[in-house]
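Biologist: Before I rely on this model at the bench, I would like to go through the reasoning behind the terms used for it. Could we take them one at a time?

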Amino acid sequence: MVSDGPDCGCGFVSVMLGNGNGTFRSPLTINLPGPGGNIVLGDFNGDHKLDFGVTSSTAYSRVVYVFLGNGDGTFRVGGQFGPDHSAAVLATGDFNHDRILDLAVASFNGNNGSTASVLLGNGDGTFGRFSANGTAQQSASIVSADLNGDGRVDLAALDPFFQTVAVLLNTGQGTFKKSVLYQVGNTGQ
């Protein structure tokens, strides 16, 4: 899966199905309203078929578009979700421990820096906004993992401009403690 946003202001996601021998079929193209961005994969509606979320621009902001898998390599539109600001990068995890996959969205909101918003999954491919926590100035990537061994999915967001990683520890309710910043040196990715 590859997202792209050519200079035309449009965007798309190309899905290239494997042939099983290390080669791929011709890409299937899914159009987006604007340039495509970060992609995450997961089963968002509990049907055991792979779905995906992708950031893309609208006229006024970047939001998350969810596409639900049909099980044959094709996808249908699942919905448009997003934080109040410009959705930049995504991660998945069960952030409120309900066995339903959620989305974490790092979004840049101008002079106020970046926030990590959690979109709690409803189990049917839709999401509701739950919480926003401050991270670094401009998150270039975000990952989810149990970073402190307590059984809860935490977040880490990289800010290459300020050369920091913001670690947000999960409270267990889908919210996070105040971020702790760690210096990482020369504009790491």
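Biologist: How many aromatic pairs does the structure hold?

Modeller: This is a predicted model, and the structure holds 5 aromatic pairs.

Biologist: Why is the pair of Phe 52 and Phe 75 called edge-to-face?

Modeller: A pair of aromatic rings is described by the distance of the centres and the angle of the planes. For Phe 52 and Phe 75 the centres are 5.0 Å apart and the planes stand at 80°. Ring centres have to lie within 6.5 Å to count as a pair, and planes over 60 degrees apart count as edge-to-face, so the rings of Phe 52 and Phe 75 form an edge-to-face pair. The two residues belong to distant parts of the chain, Phe 52 in strand 5 and Phe 75 in strand 7, 23 residues apart.

Biologist: What makes Phe 52 count as buried?

Modeller: Its relative accessibility is 0%, and buried means under 20%, so Phe 52 counts as buried.

Biologist: Why is the pair of Phe 95 and Phe 176 given the name edge-to-face?

Modeller: The ring centres of Phe 95 and Phe 176 are 5.8 Å apart, with the planes at 65°; since the cut-offs are within 6.5 Å for the centres and over 60 degrees for the planes, the pair of Phe 95 and Phe 176 is edge-to-face. Phe 95 lies in the loop between strand 8 and strand 9, and Phe 176 in the loop between strand 14 and strand 15, so this pair ties together parts that are 81 residues apart in sequence. Both Phe 95 and Phe 176 are buried. Elsewhere, ring pairs link Phe 44, Phe 81 and Phe 127 into a cluster.

Biologist: What makes strand 4 and strand 7 edge strands?

Modeller: They belong to an open sheet of 4 strands with the order 4-5-6-7 and antiparallel pairing. Strand 4 and strand 7 each have a single partner strand, so one side of each is left without a neighbour in the sheet. From one strand to the next, the twist averages 25°.

Biologist: How do you know that strand 6 and strand 7 pair?

Modeller: Pairing calls for at least two bridges, and 6 bridges join strand 6 (residues 62-69) to strand 7 (residues 75-81), which run antiparallel; the two strands therefore satisfy the criterion. Tyr 65 stands opposite Gln 80 in strand 7. In the hairpin of these two strands, with 5 residues between them, Gly 71 takes a positive phi near 90°. Strand 5 (residues 51-57) also pairs with strand 6 in the antiparallel sense, over 6 bridges, and the bridge partner of Ser 56 there is Val 63.

Biologist: What is the order of the strands 12 to 15 in their open sheet?

Modeller: That open sheet of 4 strands has the order 12-13-14-15, with antiparallel pairing, and its edge strands, strand 12 and strand 15, each pair on one side only. Strand 13 and strand 14 pair over 5 bridges, and Ala 156 has Val 167 in strand 14 as its bridge partner.

Biologist: Why is Ser 14 called buried?

Modeller: Its relative accessible area is 11%, and the limit for buried is under 20%, so Ser 14 is buried. Ser 14 is found in strand 2 and, leaving aside neighbours within four places in sequence, is in contact with Met 1, Val 2, Pro 27, Leu 28 and Thr 29.

Biologist: Where is the confidence lowest, and where highest?

Modeller: It is lowest in strand 11, at a mean pLDDT of 71, and highest in strand 12, at 89, while the protein chain averages 82.

Notes:
Residues are numbered from 1 along each chain as its sequence is written. This is a predicted model: local features need pLDDT of at least 70, side-chain atom pairs count only at pLDDT 80 or more; totals for chains, interfaces and linings use all residues. Side-chain values use heavy atoms; hydrogens and water are left out. Buried means under 20% relative accessible area, exposed over 50%, partly exposed in between (1.4 Å probe, protein chains only). Contact means heavy atoms within 4.5 Å. pLDDT is the predictor's confidence in each residue, from 0 to 100. Axes are lines fitted to C-alpha atoms, for helices over the stretch in contact, and angles run from 0 to 180 degrees between N-to-C directions. Rings of Phe, Tyr and Trp (its six-membered ring) pair if their centres lie within 6.5 Å; planes under 30 degrees apart count as stacked, over 60 as edge-to-face and the rest as tilted.
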